[in-house]
Amino acid sequence: MKLPGTNNTTNIQSQRDGINDHETFLSRYHEYKDLIKDLVDKNKSKTFYKFSDGEYFWLCDRQVGSASAGRRDSNISDRDLTPFREGVVQNDYLMCQALNEHVYWFKNMFQIDPYYYVDYAYALCVNKWFTNTFNGKIGLIGAAPKMDLIKNLCKKQEYLDYLEFDGFTDYISMPQRYLCDNLEHGEQILADGLTESDCDIFLVGIGHAQQALLHRMKKYKNAVYIVVGSMIDAYAGVQDNTRPYCGDWMNFKLKEYDYSDIDIWKEKFLNLKEI
């Protein structure tokens, strides 16, 4: 499946086997864009949750991949999943990846169809619609080391020109590891940062903690909150180019920057430029 301004490197990413009708898929993409623009223009406070295999494994307590203890999100194997399971359904829009297996899991878990495909959010990062459209009022919520890296990238005009904007308006820096084990601390960081922010829209990438914390963000500031997951890595210049819609994404790398604290999921950088 093709979305404007994006490309895929593998057939499996292009096929997106959860989609039977490309025309409807594309029309819903434009509907999604219009919805977000309308919500931001009207200063509505809404959350867009992302569901894929990792979220499914987490909610089912299947400790594999990113849901494994000690991997990234949690260092605990005996988990209380109540705040995550109860938190997810308090979000306004539940998005799912456009893959048959993921859609099946989504419908089985929530007993509804996905509101929108998270593919749309991925594409709007890659084709720069988010940064171009909401220039001057868009912020990021993500891991502290990546927030610092993106701040430094935004000092480079070539990077700003690529993203077609003047830089992110605000950054809320969260713990990079084991945030799911410290939800209260995470919420306090959000409370402190959001109440002082001037942003109207935030792109969010905080791992599985989104499932407990995303809906709480609205308590502290009226804004649109969209989980974009690994697209935070794209802004940080450490995106796996084999991920959906990222085939042509340019990863910008800062010369003489210490990347040792950056949590990189996969180093499949097919497009890399030092600045």
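**Exercise 1. Find the side chain with which the side chain of D258 makes a polar contact.**

Solution. The model is predicted. Start at the side chain of D258. It makes a polar contact with the side chain of S260, at 2.7 Å. Now check the cut-off: a polar contact needs a pair of N or O atoms within 3.5 Å.

**Exercise 2. Place D258 in the chain and decide whether D258 is buried or exposed.**

Solution. First, the location. D258 sits in a loop. Before that loop comes β8 (251-253), and after it comes β9 (272-274). Next, the surface. The relative accessible area of D258 is 56%. Exposed means over 50%. D258 is therefore exposed, with its value of 56%.

Then look along the chain. L149 is 109 residues away from D258 in sequence. In space, their C-alpha atoms are 9.3 Å apart.

**Exercise 3. Explain why the chain counts as being as compact as a globular protein of its length.**

Solution. Begin with the elements: the chain has 12 helices and nine strands. Take the radius of gyration, 17 Å. The globule rule gives 19 Å for 275 residues. The two values are close, so the chain is as compact as a globular protein of that length.

Add the extent. The C-alpha trace spans about 45 × 45 × 40 Å along its principal axes. Then the burial: 55% of the 275 residues are buried.

**Exercise 4. State how many positive and negative side chains the chain has.**

Solution. Count each set. There are 32 positive side chains and 40 negative ones. Then compare their centres, which lie 2 Å apart. Finish with the surface: the chain exposes about 11,900 Å², and carbon and sulfur atoms supply 42% of that area.

Terms used: Residues are numbered from 1 along each chain as its sequence is written. This is a predicted model: local features need pLDDT of at least 70, side-chain atom pairs count only at pLDDT 80 or more; totals for chains, interfaces and linings use all residues. Side-chain values use heavy atoms; hydrogens and water are left out. Helices (H or I, at least four residues) and strands (E, at least two) are DSSP runs, numbered from the N terminus. The radius of gyration is taken over C-alpha atoms; the globule rule is 2.2 Å times the number of residues to the power 0.38. Buried means under 20% relative accessible area, exposed over 50%, partly exposed in between (1.4 Å probe, protein chains only). Accessible areas come from the Shrake-Rupley method with a 1.4 Å probe; for residues, only the protein chains shown count as cover. Lys and Arg count as positive and Asp and Glu as negative; His and the chain ends are not counted. The place of a charge is taken as NZ of Lys, CZ of Arg, CG of Asp or CD of Glu. A polar contact is a pair of N or O atoms within 3.5 Å; within protein, one must be able to donate a hydrogen and the other to accept it, and residues adjacent in sequence count only if both atoms are side-chain atoms.
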